[in-house]
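Q: Can you walk me through this one? Let's start with the rings.

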Amino acid sequence: MYRLGIDVGGTNTDAVLIDKDLKVIAEVKLPTSSDIHGGISAAIQGILKKSKVDAKQITKAMLGTTQCTNAIVERKHLASIGVLRIAAPATLSLRPMVDWAADLKMIAAEVTIIGGGFEHDGKEIASFDEKAARAFFERCKARGIKSVAISGVFSTVREDHELEAGRLCHEVMGEDVYVSLSSKIGTMGLIERENAAILNAALYKVSNIFIDGFTDSLIEQGVANAAVYFSQNDGTLMSAETARKYPILTIACGPTNSIRGASYLSKVNDAIIIDVGGTTTDIGILHNGFPRESSVAVTIGGVRTNFRMPDVVSFGLGGGSIIREKDGAVSIGPDSVGYAITEKALVFGGDVLTATDIAVRLGYAKIGDPSLVTHIDKAIADKAMAGIVEMVEEHIDAMKMSNEDADVILVGGGSVLLPEHLAGVKRLIKPDHFAVANAIGSGIAKISGAYEKLVSYDETPREQALEIARKEAIETAVQGGAIPETVEIIDVEDIPLQYYPGNTCRVKIKAAGELA
């Protein structure tokens, strides 16, 4: 019985095959194709050929992909949607998508604000305006819209009106219409939560593309007995059904796959993870074996959101970063030759000086033909490398929680760029299989379950409330496919909300367990 882990990045598609003891028995790295189906098929074909394992013995297949991130950044494959806000008269002065870029704002074909919503203490601001909601859904139906985002003021306190609107949407537009409720995605803060729900609604076609593409590729390559899972951005897995509902949760799953893979390969649970790819470098925090979550609103494609995101910084440094020299000054990227590195880098006979050429010139790596870079002036190469190291060290310092040196784990194919010593680092670990840590992170990931609600400790005593939350999180993980005996609580947050009555706290608990 084997697991297949695949991570589709902007530059490379990595795949690994993992046996029942979670040992990596084969790995491949191929350039990412413009067609996700073709690229994944080639990766599966490569891994089967290399391992010589019968495709029918693969019982679990996991995919991590940047398709949703790319769709938002590049404005491609996004659906035309309807946007309904239940918050009149309280929020009429600020329309939905008010600060969005014009080209992205065009995804909203119908937008309206109707009566309804709640106060922060759960009292109703206004009755749900069913007549206005019905008229909105009928307009959407007439325009052929297939996806709707619904948000309500303080719907994280009470979601009654969002649920009623969702039910009405299906009644008017049909059961096959896609409905994105903000209370199921974001946290406090109407605008950011609404933004997340809108993006989620716009991504429904993208989710169908990568889910169907992955499934078709598996069948095409004879992997007919595998349960299919998708990476989400907390370092755990979700089912295809959940991925179709919440495609936005796949955003930034690449860095979190790398963080989980780095932890697994190094057997370290707390460290800074540096993942150097072909175009960018991602730096994140590994805490108790899982990626640290960001505590602030995150911007995606220029849109502020408040749904769950990892605490990761990304910058333009990778193996394909273009190096330029003028009058003795050297610049590094941020542009890159990307997946064309095997054609354009000097070590492969190309005509573009890249960061990989610098690493080979200085003897850090043996890639391509080293004789093709011996002409590079040593002083220029040293200056370029000093710039690369400075970029990385500055970001390590920015991610630290204290001024003490930290353990750092280096992964990603581009990590050959970096030297063995970096300032501010206690231990620099580069584990075996470092180049495909993201695919390994996908392949060994656990199934998670979460509980997140506002709880009044005046009504439910704290210990009782936390116990209820733990049980619900564990039950959700088991329902998702986790083995009950392996499920453990991996994160607990219990934050008092001073402006709420009744000694109210936001209780957030996450559990994760091994796949059954």
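A: A rule for ring pairs comes first. Rings of Phe, Tyr and Trp (its six-membered ring) pair if their centres lie within 6.5 Å; planes under 30 degrees apart count as stacked, over 60 as edge-to-face and the rest as tilted.

Q: How many aromatic pairs does that rule give?
A: The count comes to four aromatic pairs. In one of them, Phe 214 and Phe 230 meet edge-to-face, at 5.8 Å centre to centre and 75° between the planes.

Q: Where in the chain do those two sit?
A: Phe 214 is in helix α7 (residues 204–220) and Phe 230 is in strand β9 (residues 227–231). They are 16 residues apart, and the pair links distant parts of the chain. Helices (H or I, at least four residues) and strands (E, at least two) are DSSP runs, numbered from the N terminus.

Q: Wait, what kind of model is this?
A: This is a predicted model: local features need pLDDT of at least 70, side-chain atom pairs count only at pLDDT 80 or more, and totals for chains, interfaces and linings use all residues. Residues are numbered from 1 along each chain as its sequence is written, and side-chain values use heavy atoms, with hydrogens and water left out.

Q: OK, back to the rings. Is Phe 214 buried or exposed?
A: Phe 214 is buried, with a relative accessible area of 0%. Phe 230 is buried too, at 1%. Buried means under 20% relative accessible area, exposed over 50%, partly exposed in between (1.4 Å probe, protein chains only).

Q: Which residues form a cluster there?
A: Phe 210, Phe 214 and Phe 230 form one aromatic cluster.

Q: New topic: Ile 44. Where is it?
A: Ile 44 lies in helix α1 (residues 36–51). Ile 44 is buried, with a relative accessible area of 0%.

Q: What is Ile 44 in contact with?
A: Leaving aside neighbours within four places in sequence, Ile 44 is in contact with Leu 4, Ile 6, Ser 217, Leu 218, Gln 221 and Val 223. Contact means heavy atoms within 4.5 Å.

Q: And the whole chain? How many helices and strands?
A: The protein chain has 14 helices and 23 strands. Its radius of gyration is 24 Å, close to the 24 Å that the globule rule gives for 516 residues, so the chain is as compact as a globular protein of that length. That radius is taken over C-alpha atoms; the rule is 2.2 Å times the number of residues to the power 0.38.

Q: How much of the chain is buried?
A: Buried residues make up 55% of the 516 residues.
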